[in-house]
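Please open the model in your viewer and keep the sequence panel beside it. The tour below goes from one selection to the next and says what is to be found at each stop.

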Amino acid sequence: MIKKRTLICTVIALLSGIIGGLTAAQISSMLHNQKCLNQLWGWQQICHVVVTPVAIWQGSIAGIWTGTILGAFFGGLVVRKIDYLG
């Protein structure tokens, strides 16, 4: 029974980390690309090419960490065994 709970908690944490990484990468990319909007057209394209990979990297790493930690916490709450007194 303990192995099942551990597996469920692990799966919830990993899925939450993946979803958090993807979501944070999208948000970070959009926010960083807004900095390129006040450039001329040619420079704007170059700015997007330079800024996007860094934004995706930073956002995904932060999202993976945050999502995994929160997923593990909530996964633990879902699978915890409640001991009743009496």
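Is Thr 6 buried, partly exposed or exposed? Select Thr 6, and the computed value places it as partly exposed, with a relative accessible area of 45%, where buried means under 20% relative accessible area, exposed means over 50% and partly exposed lies in between, using a 1.4 Å probe and protein chains only. Before going further, please note that this is a predicted model, in which local features need pLDDT of at least 70 and side-chain atom pairs count only at pLDDT 80 or more, while totals for chains, interfaces and linings use all residues. Residues are numbered from 1 along each chain as its sequence is written, and side-chain values use heavy atoms, with hydrogens and water left out.

**The whole chain**

Zoom out and colour by secondary structure, which comes to two helices and zero strands; these elements are DSSP runs numbered from the N terminus, with helices (H or I) of at least four residues and strands (E) of at least two. The radius of gyration of the chain is 19 Å, well over the 12 Å that the globule rule gives for 86 residues, so the chain is more spread out than a compact globule; the radius is taken over C-alpha atoms, and the rule is 2.2 Å times the number of residues to the power 0.38. Along its principal axes, the C-alpha trace spans about 75 × 20 × 10 Å, and 24% of the 86 residues count as buried.

**Along helix α1**

Return to Thr 6, which is placed in helix α1, and draw a distance from its C-alpha atom to that of Thr 23, 17 residues away along the chain: the separation is 26 Å. Next select Val 11, which is found in the same helix α1, residues 2-33, and which counts as partly exposed at 39% relative accessibility. Add Leu 7, Leu 15, Ile 18, Ile 19 and Leu 22 to the selection, and together with Val 11 they form a nonpolar patch on the surface, with about 600 Å² of accessible area. Such areas come from the Shrake-Rupley method with a 1.4 Å probe, only the protein chains shown counting as cover for residues. Patch members have over 30% relative accessible area and no salt bridge (a side-chain nitrogen of Lys or Arg within 4 Å of a carboxyl oxygen of Asp or Glu), with like charges joined within 9 Å and nonpolar side chains (Val, Leu, Ile, Met, Phe, Trp, Tyr) within 5 Å. Cys 9, by contrast, is buried, with a relative accessible area of 18%.

**Where the helices touch**

Select Ser 29 in helix α1, which counts as buried at 12% relative accessibility. Leaving aside residues up to four places away in sequence, Ser 29 touches Thr 52, Ala 55 and Ile 56, a contact being heavy atoms within 4.5 Å. Then move to Ser 60 in helix α2, which is buried with a relative accessible area of 16% and which, with the same sequence neighbours set aside, touches Gly 21 and Ala 25.

**The disulfide**

Finally, show Cys 36 and Cys 47 as sticks: they form a disulfide, with their sulfur atoms 2.0 Å apart, the cut-off for such a pair being within 2.5 Å. The pair links distant parts of the chain, 11 residues apart, with Cys 36 in the loop between α1 and α2 (41-79) and Cys 47 in helix α2. The torsion about the S-S bond is about -70°, so the disulfide is left-handed, and both Cys 36 and Cys 47 are buried.
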